[in-house]
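Please find below a colleague's note on the structure, set out as numbered points. The points move from individual residues to the protein as a whole.

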Amino acid sequence: MNKKELAHRVANYSNLNITQAEAAINGTIKAITVALQQGDKVTLSGLGTFEVRERAPRVGRNPATGETVTVNATKAPVFRAGTVLKAAVNQTERVDA
């Protein structure tokens, strides 16, 4: 499913038209992105948690030459699914579609 298809489903599940649903999705994505940039963790009950994890510098290899290279430290966004979402995916709990 892409963002446009998601907007159609959000519009169907709510009292929003497609334009409003797209705006709500875009606003949600922007709010989560800004929170992660500021170092905050975002927890959505029933869905899961978004957070940023630090990755330490490490030694890697160039696959073409086999040469050892240093990979710099980075930050990576991570999503950890909540128990309700995990149960729904494993079909132990039904979420109305």
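1. A residue is called buried when its relative accessible area is under 20%, exposed when the value is over 50%, and partly exposed in between. The model under discussion is predicted. By this criterion Ala7 is buried, because its relative accessible area is 0%. Ala7 belongs to helix α1, which covers residues 3–13.

2. Which residues are in contact with Ala7, once neighbours within four places in sequence are left aside? They are Ile18, Ala21, Glu22 and Ile25. Helix α2 is assigned to residues 18–37. A separation of another order is found towards Asn62: this residue and Ala7 are 55 residues apart along the chain, and their C-alpha atoms are separated by 42 Å.

3. Gln38 is located in the loop that runs between α2 (18–37) and β1 (42–44). Is this residue buried or exposed? Gln38 has a relative accessible area of 57%, which is over the 50% limit, and therefore counts as exposed. From Gln38 to Val52 the C-alpha to C-alpha distance is 9.7 Å, with the two positions 14 residues apart in sequence terms.

4. Glu67 is placed in the loop between β3 (58–61) and β4 (68–71). Its relative accessible area is 48%, so Glu67 is classed as partly exposed. With neighbours within four places in sequence set aside, Glu67 is in contact with Gly60, Arg61 and Asn62.

5. How many aromatic pairs does the structure hold? There is one. Phe50 and Phe79 make up this pair, with ring centres 4.8 Å apart and an angle of 50 degrees between the planes, an arrangement that counts as tilted. Phe50 lies in strand β2 (residues 48–55) and Phe79 in strand β5 (residues 74–81); the pair therefore ties together parts that are 29 residues apart in sequence. Phe79 has a relative accessibility of 37% and so counts as partly exposed.

6. Turning to the fold, the secondary structure consists of three helices and five strands. In sequence order the elements follow the pattern α-α-β-β-β-β-β-α.

7. The overall dimensions deserve attention. The protein has a radius of gyration of 19 Å, whereas a compact globule of 97 residues would have one near 13 Å. The C-alpha trace spans about 55 × 35 × 30 Å along the principal axes. Of the 97 residues, 16% count as buried; Ala7 is one residue in the buried class.

8. Contacts, surface and charge complete the note. Among contacts between residues at least 6 apart in sequence, 30% join residues at least 24 apart. The protein exposes about 7700 Å², and carbon and sulfur atoms supply 52% of that area. There are 13 positive and 8 negative charges, and the mean positions of the two sets are 4 Å apart.

Conventions. Residues are numbered from 1 along each chain as its sequence is written. This is a predicted model: local features need pLDDT of at least 70, side-chain atom pairs count only at pLDDT 80 or more; totals for chains, interfaces and linings use all residues. Side-chain values use heavy atoms; hydrogens and water are left out. Rings of Phe, Tyr and Trp (its six-membered ring) pair if their centres lie within 6.5 Å; planes under 30 degrees apart count as stacked, over 60 as edge-to-face and the rest as tilted. Helices (H or I, at least four residues) and strands (E, at least two) are DSSP runs, numbered from the N terminus. Buried means under 20% relative accessible area, exposed over 50%, partly exposed in between (1.4 Å probe, protein chains only). The radius of gyration is taken over C-alpha atoms; the globule rule is 2.2 Å times the number of residues to the power 0.38. Contact means heavy atoms within 4.5 Å. Accessible areas come from the Shrake-Rupley method with a 1.4 Å probe; for residues, only the protein chains shown count as cover. Lys and Arg count as positive and Asp and Glu as negative; His and the chain ends are not counted. The place of a charge is taken as NZ of Lys, CZ of Arg, CG of Asp or CD of Glu.
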